[in-house]
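Student: I'm new to this structure and would like to learn how to read it. Could we go through a few features together?

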Amino acid sequence: MSAVLERVLLPRLGFAAAWREAARGLLLRRVPPEQVDWQRADDSPGLPLFGANADTPVIGDEEFRMPRVLLGLIEDVLCANVPDRFSLPYRAVWRAQAERHLLGDESDPDMARVRVLSKLVHRDAHKMKAFVRFCEEASHGDRRAFAAWFEPDHFIVEATAPFFARRFGDVDWRIETPSGCAVCTNGALRFSAETQKPAALADPTEDLWRTYYTNIFNPARLKVKAMQSEMPKKYWKNLPEAGLIPGLVASAEQRVIAMRGAEATLPAARSLRMEPYQQPAAMAGDVAPDRRDLEQQILDCTRCLLHCNATQAVRGEGPDRAAIMVVGEQPGDQEDLAGSPFVGPAGRELDAAFAAAGLDRASTFVTNAVKHFKHSMRGKRRIHERPGISEIVACKWWLEQEVALVRPRIIVALGATASLAVIGNGTAITARQGQIEQSLFGPPVIVTGHPAAILRMPEAAHADRLRHELAGALRTASRAV
Ligand code: URA
């Protein structure tokens, strides 16, 4: 066995950036993984950062290549609470230099572990986004201030805090954890190794939240195992609603019996008026999925690697029984942040087309063929990348379920990706523009161009033609139903 020659000490905060810097230096000096001893600075007090060899050269980015997907996975592994969180990623990047197909090798033990750890870290981050509960505390300025206590399994606070900064930019907040805290003041995010568990605060909105939780708890849908896997017991102590759960579970059976025994209610007059217009039953599968289950499953989706780098999955939006379903390609940058489809520049073009067609967007179900934002980084910018066939195929699972849920009478496919997902043919969209074709899921489809194509069109006259075609397709759909 070769002796360890390099000791790299990484700080407790900013460890990911420090690891990247150190790994780059080691790779350029061709230091093999077995010669590196990775440690966290506070595990080895008294040793200087970056250990004995502080002569790491300054390195340009292009001097070695790395698949982006691997970099994304590695960022996750660095946050994992496991002893090899620094050494495993280095071994993976080291091997990736010589083994071109490493990333796709499902049977490779290093890559298998990288994927498992990435999943664990993602799950932990997802739980943090779901289970952080803020309480309002005294504010020292004119912005409201909130504090929360959260106990993650992994070192995810630095990687996950920007999500909260984007979402709660209009207030000051701090999330304290046993190993440090994230603080956001006037929109500026900082981290500290010091931690101070917020004193038990009485937040008046907690009662409101408990009442709401009790009311949305549906005893007929109770699946204790699924609930505990989604909301593991270890999080309960910091969730105000958790105290209600045992009582709600215990009374569920009785409540279901009472619900079954109760008189059937009459439909509202409004729904009677709608009956003649109702859609044929079961066009896409016999059993419509439960919307909340489906949405949660989409949020948790790891069917392809796109979830690794996206903020969240973007589910379709619209009424449960919309007559028209509009399918786009995938969420863009703004959709990825907002969690809603078509809210960015392409969404504004789509809105204009809806208006021109005299069709209310809110009456349609708007979704995408692919639910996660695929992109690459250019500097700090996230640049859209077209989803590949494997991602479209992996995500078709969800589209099919959305069609089964909504049972639209007609689908509008926006662009080649949507057409490929819905019809199985993504070619020659211009030639097929406005054509009505058969979907793989049952309902007919109108094929038209994607609104983003309008934005890319340099000539105003061409852009106007595309606008006209898009509005025309929506108008045709509207007339057809
Ligand atoms: N482009 C799409 O295809 N979908 C969106 O949601 C946004 C942009």
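Tutor: Happy to. Keep in mind that this is a predicted model. Let's begin with a helix.

Student: Okay. How many residues does helix α4 have, and how far does it reach from its first C-alpha to its last?

Tutor: To read a helix, set its span beside the expected one, which uses 1.5 Å a residue. Helix α4 covers residues 109-131, so 23 residues by the numbering, and reaches 33 Å, close to the expected 33 Å.

Student: And what happens at the start of α4?

Tutor: Look for a side chain there that contacts the backbone. A side-chain oxygen of Asp108 comes to within 3.0 Å of the backbone nitrogen of Asp110.

Student: Which residues of α4 are buried, and what covers them?

Tutor: Buried means under 20% relative accessible area. In α4 the buried residues include Met111, Val114, Leu117, Val121, Met128 and Phe131. Polar names turn up as well, among them Asp110, Ser118, Asp124 and Lys127. Their cover includes the helices α2, α3, α5 and α7, along with strand β5.

Student: Let's move to strands. How do β8 and β9 pair?

Tutor: For a pair of strands, check the sense and the bridges. Strand β8 (residues 324-328) pairs with β9 in the parallel sense, over four bridges. As one example, Gly328 has Asn368 in β9 as its bridge partner.

Student: Are the faces of β9 covered or not?

Tutor: Both are covered. Phe365 and Thr367 sit on one side, Val366 and Asn368 on the other, and all of them are buried.

Student: Now the ligand. Which residues are around it?

Tutor: Start with the neighbours, then look for polar contacts. The residues around the ligand include Gly328 and Asn368, as well as Glu335, Pro341, Ala346 and His450. A backbone N or O atom of Glu329 lies 2.7 Å from a ligand oxygen. A polar backbone atom of Gln330 is 2.9 Å from a ligand nitrogen, and one of Phe342 is 2.8 Å from a ligand oxygen. The protein covers 94% of the 240 Å² of accessible area that the ligand has on its own.

Student: What is the phi of Phe342, and where is this residue found?

Tutor: Here you read the sign of a backbone angle. Phe342 has a positive phi of about 50 degrees, though it is not a glycine. It is found in the loop between α11 and α12, and because its relative accessibility is 6%, Phe342 counts as buried.

Student: And Ala428?

Tutor: Ala428 also has a positive phi, near 45 degrees. Ala428 lies in the loop between α14 and α15, and is partly exposed, at 48% relative accessible area.

Conventions. Residues are numbered from 1 along each chain as its sequence is written. This is a predicted model: local features need pLDDT of at least 70, side-chain atom pairs count only at pLDDT 80 or more; totals for chains, interfaces and linings use all residues. Side-chain values use heavy atoms; hydrogens and water are left out. Helices (H or I, at least four residues) and strands (E, at least two) are DSSP runs, numbered from the N terminus. Buried means under 20% relative accessible area, exposed over 50%, partly exposed in between (1.4 Å probe, protein chains only). The expected span of a helix is 1.5 Å times one less than its number of residues. Contact means heavy atoms within 4.5 Å. A polar contact is a pair of N or O atoms within 3.5 Å; within protein, one must be able to donate a hydrogen and the other to accept it, and residues adjacent in sequence count only if both atoms are side-chain atoms. A residue is near a molecule or strand if one of its heavy atoms lies within 4 Å of it. Accessible areas come from the Shrake-Rupley method with a 1.4 Å probe; for residues, only the protein chains shown count as cover. Two strands pair if DSSP finds at least two bridges between them.
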